[in-house]
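Me: Before reading the details, I would like each descriptive term to be set against the criterion behind it. Please answer in that spirit.

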Amino acid sequence: MADVEIAMSAGAKRRGISFQRALPYLLSLPALLVCIGILIPFVTAIIYSLQRYNLAFPDSRAFIWFGNFVSLAKDPAFWHTVVVSLEYTALTVGVELLLGLGIALLLEKRNWVNDAISVLLILPLMVAPAIAALMWKLMTNPNFGVLSYLVSLAGVQDFKWGSSPDSAMFTVVLVDTWVYTPFITILLLAGLRALPKQPFEAAELDGVPRTFVFFRITLPMLTPYILTASLFRMLDSMQQFDIIYSMTQGGPGDTLTVFQVQAYLEAFSFSNIGRSAALVIVLWAITYALSTVFIKNWLKLRARAHGAT
Amino acid sequence: MSKGLLRRVIRGGLLLVVVLFFLFPMFWVLLMSFQTNQDILRTPPSLTFTPTISNYVALISGEIQTSVGTLPVYYMKNLWNSAFLSACAVAMSLVLGVPAAYAFARFKFRLGEDIAFTLLSFRFAPPILVLLPLQLYFQDIGLYDTYLGLVWVYQLITLPLILWIVRGYFEDISPDIEHAYRLDGHSWFRSMWKIAIPLARPGIAAAGLLAFIFAWNSFIFALVLGSSDVQPVTVGSLAFMTASGIQYGTIAASLVLSVIPTLVLALYTQRYLVEGLSLGAVKG
Amino acid sequence: MSSRKQKDLIEAYYQNKIGRRELIQRMAKIGVGAAATGFLLNATATRTLAAGGPDFKKFKGKSIKLLMNKHPYLDALVKNLDNFKSMTGLNVTYDVFPEDVYFDKVTTALASKGSQYDAFMTGAYQTWKYGPARQIVDLNQFIKDPKVTSASYNWNDVTTGLRASDAWDGKAGSELGGPGAKQWAIPWGFELNNIAYNKRILGELGIEPPKNLPDLIEKAAKVSAAGKGYYGVGVRGSRSWATIHPGFLSAYANYGQKDFVVKGGKLKPAMNTKESKEFHKMWIDMIQRGGPKNWPTYTWYEVGNDLGAGNSAMIFDADILGYFQNSGTKEAGNLVYLPFAANPSADKPTPNVWIWSLAMSQFSKMKEAAWFFIQWATGTENCTFGAVNADLVDPVRDSVWKVPEFQTRLEKSYPGYLNQFQKSIGQSKIYFTPQQLFPEFTTDWAAMLQQMYAKQIPVDEGLDKLAAGLERKLREVGI
């Protein structure tokens, strides 16, 4: 960690040490305050999750404490939601990480072709996921969709895309990959370009085989970047709403009823505020736990990397 | 064929596949935006068609011709809303987040890591968690249907991202230059403003661009917390699916238009992009 | 200025007692030329309702705001809105949202208890939540009050089944429109569900239009099997209430089946009876052999688009869906409309209906002014205008259907449309049992249909599971 010593200027000495102590708080607190403002809804949401609160039954609104959570735990559909959300997250993060790393490696060298491609590849990221899903829905339309047409040319007739339980997960993961892999790519590309030259030059001089270099030198040094990319992607995928809702609203059947899709339906279609709040609180708890694990590892790795300097 | 040439060919081939996968849909949508509905709905799809700019004309002029007559179109307003909201959200996050990132990077203070983690944890909040209560009392605090209210809620998306990336970049910059500057008698503020921030420009640009993209792509906040006046393009694009038929060509054109502002911004900041995302790099 | 005779003639015209041509003829007889008639028409249009009693200019200069769906009805309304503005002096603004997100927007707007929207478009099903949630106003108080409702409003002109379907007393299982029912919304435009078919495709294959459901299944399968790239019959399949509501429920009701029965004051799911299981098997069979390939993602748009683009031979869905596809599309001019009684032993169709209606927010600060708007929008003059000059179909008022211009317009460009309406309207109403958990149940039902279609679960077992699940949810909320 970059050790910092606060150099006291003459002026600071005059103003006194307390100002210096307060300074970092003063700098970071506005950000904190703004976000604390969002904390109030958070507390309110917790309160809702402890109530039986359905807008269509206004007279039966009451505190049932953990009733909603118990009801969720007893509901097989809820556990299905957990499984599907985790599955979706694992698939998207896994695929995008591998693909993103591969592309970053391909683009590592700086030349005009690679630079041009790096910029062009950000294009999918700029398309809103909800609109991307719409776009893919058009392309996979069995009648006039170009992708269905191309796939049929390759011999696969009537590929069901989002309409079949077997291919629905594949389809939404595909759209997610298309939209978000560029995010991972630029992050990892930045990492690759920022790596110091010495270890690689030394390895080349020593005649170390490329695979060894990759797995024993490149990857470990890239780990902080990989963790950052995975963290952000994991958070987004656990909370995925736009893509899945636009494509299938959670269907077919119960194939894609991930957390936020289900919570949205509960809140806005079924007006069951209490149950929806309970769902998102559970989601928040899961993401919190996963993120804590990630960040602890991230900090450890950074400390180790900087210590090695 | 030499090993080097083979490797280059494979590399080129793989790159080509990658580019095709990511750019083909954009290309197809671009094509669709110049077609009429009848052409688009042809089975099977074909590359030959008579191009028309009627879809773009409809969007920009604010009127569309359909089988039920001339209908108004509000897409340009949606574009403006998206641009305005995203830009303001990023600006606010930069003003709040860069000094905070500087604080976390330069000062070791008690609660430092805790505050940093708390700020990052706002990213974990599922939008619906925030929206359930906000939909009920955003009215009461007078922020419903205001740009200010939306920009504030957008901080959930933009602030943690900017904080996380810029902090890493600040930590990457050696504090020696700033020490020297301070010893010359300048205040911490001048040191931050004149030395650290310019040095961190790549990181700030990259973070700003990413934050802009994520803010631009958000859908649900504006839908719930605002009237028609503040709706961004993500909601506006859906307006071309009406009971009397879907205007595919117009949807495609709206998609193309929606990408342009972000693309312009990306081109402007692209030289900083890759450099700016290097976080806490190991110095050699 | 206009004499009494001229006034009477014009009012008769606006009450749909005489048609435009007759009006012009009789005006000419008393010495008023066609141009002058037109002038008088516009001037009087706003006075017809006004002549009926209430002080419509009471809120002159004030504003009301509407929340509207992006829909041809809205476009029809906007064309005529100036008349309302001049009648009342009210300033009318409206927010438009795309249909995909419209209902959710209404739900959140009402949940927020905000006063920014005074009136909005809705369907009957949504009022089954908004009503009990005390978010909308029971409009009976306005209809019956001569101080706010014009004598020429003619509430009884609105088709009986439609008036009833928008009224419910809030007790799960009560009959719609029964005694004690609250009028949660006023019908504005509606859709009934029948068959529209492409005569070109059926003609090419030498197939006659279907007579009942088993016949439809066989013919649809035949079309799909012809291998020409089109399929037999389009029906919706997305994971939402919109899949159960159109053709499905209409056919279901025709077979005498119900969604719920009332036993001992409580609701009991009834979709797992033997007959219902048979019906479901037939329906799924129809989709598998003659329906769209991507059925689970099919919404109103896909069903309509396929018909208009020549990808399907028939649809069993809203009549107006077929109506819109008959102009500006590839198959325009080839579509024919058919009344359809699914049950071979039934002699009349029993279409379920969707009624776009206008409702009033409980939190509005301009309730009376909002009522003036609702009254005018659903009044005879506006409905006639919309039907003849725009696309406010199907009109909810019996008199509008009798307007000669409207009939001519239909007969000329939409063969069979008038006939299918006349044969069906007597039995057209909402066949669902009203209860507050309507969205949950229909979503579960649609999801179960999807699972049965994908052969993830056999029909019998699936329906039993569905019924058990629904029963549990009913008990949880005490209905």
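Me: What makes up the secondary structure of chain B in this predicted model?

Reply: In this predicted model, chain B has 13 helices and four strands, where a DSSP run of H or I counts as a helix if it has at least four residues and a run of E counts as a strand if it has at least two.

Me: Why is chain B called more spread out than a compact globule?

Reply: The globule rule gives 19 Å for the 284 residues of chain B, whereas the radius of gyration of chain B is 24 Å, well over that value, so chain B is described as more spread out than a compact globule. Along its principal axes, the C-alpha trace of chain B spans about 75 × 75 × 30 Å.

Me: How many of the residues of chain B count as buried, and what share of its contacts joins residues 24 or more positions apart?

Reply: Of the 284 residues, 54% count as buried, a label that requires 20 or more other C-beta atoms within 10 Å of the residue's own. Among contacts in chain B with a separation of 6 or more, residues 24 or more positions apart account for 79%.

Me: What does the same kind of comparison with a compact globule give for chain A?

Reply: For 309 residues a compact globule would have a radius of gyration near 19 Å, but the value for chain A is 25 Å. The C-alpha trace of chain A spans about 65 × 65 × 30 Å along its principal axes, and its secondary structure comes to 15 helices and two strands. Buried residues make up 49% of chain A, and 70% of its contacts between residues at least 6 apart in sequence join residues at least 24 apart.

Me: How do you know that chain B touches chain A, and which helix of chain B gives the most to that side?

Reply: The criterion for a contact is that two C-beta atoms, placed from the backbone, lie within 7 Å, and 87 residues of chain B are in contact with 85 residues of chain A. Several helices of chain B each supply at least two residues of this side, including H1 (3-32), H4 (75-106), H7 (147-172) and H13 (248-276). H13(B) gives the most, with 13 residues, and the residues of this side divide into 59 nonpolar, 19 polar and nine charged.

Me: Where do the domains of chain C lie, and what makes domain 2 and domain 3 of chain C neighbours in contact?

Reply: Chain C is divided into domain 1 (4-50), domain 2 (58-191 + 354-426) and domain 3 (192-352 + 430-477). The centres of domain 2 and domain 3 of chain C are separated by 27 Å, taken over C-alpha atoms, and 25 residues of domain 2 are in contact with 24 residues of domain 3. On the domain 2 side, helix H6 (124-130), strand S6 (186-198) and helix H20 (417-424) of chain C each supply at least two residues, H20(C) giving the most with five.

Me: How do you know that S6(C) and S11(C) pair?

Reply: Pairing requires at least two bridges found by DSSP, and four bridges join S6(C) to S11(C), which run antiparallel. C:Tyr197 stands opposite C:Val336 in S11(C). From S11(C), C:Leu335 and C:Tyr337 point one way and C:Val336 and C:Leu338 the other way, and all are buried.

Me: What scores accompany the model?

Reply: The model scores ipTM 0.85 and pTM 0.87. Chain C averages a pLDDT of 89, with 94% of the residues scoring at least 70.

Definitions and conventions
Residues are numbered from 1 along each chain as its sequence is written. Chains are lettered from A and ligands numbered from 1 in the order in which they are written. This is a predicted model: local features need pLDDT of at least 70, side-chain atom pairs count only at pLDDT 80 or more; totals for chains, interfaces and linings use all residues. Ala, Val, Leu, Ile, Met, Phe, Trp, Tyr, Cys and Pro count as nonpolar, Asp, Glu, Lys and Arg as charged, and the others, Gly among them, as polar. The radius of gyration is taken over C-alpha atoms; the globule rule is 2.2 Å times the number of residues to the power 0.38. A residue is buried if 20 or more other C-beta atoms lie within 10 Å of its own, exposed if 12 or fewer, and partly exposed in between; C-beta atoms are placed from the backbone. pLDDT is the predictor's confidence in each residue, from 0 to 100. Domain bounds come from an automatic or database domain assignment.
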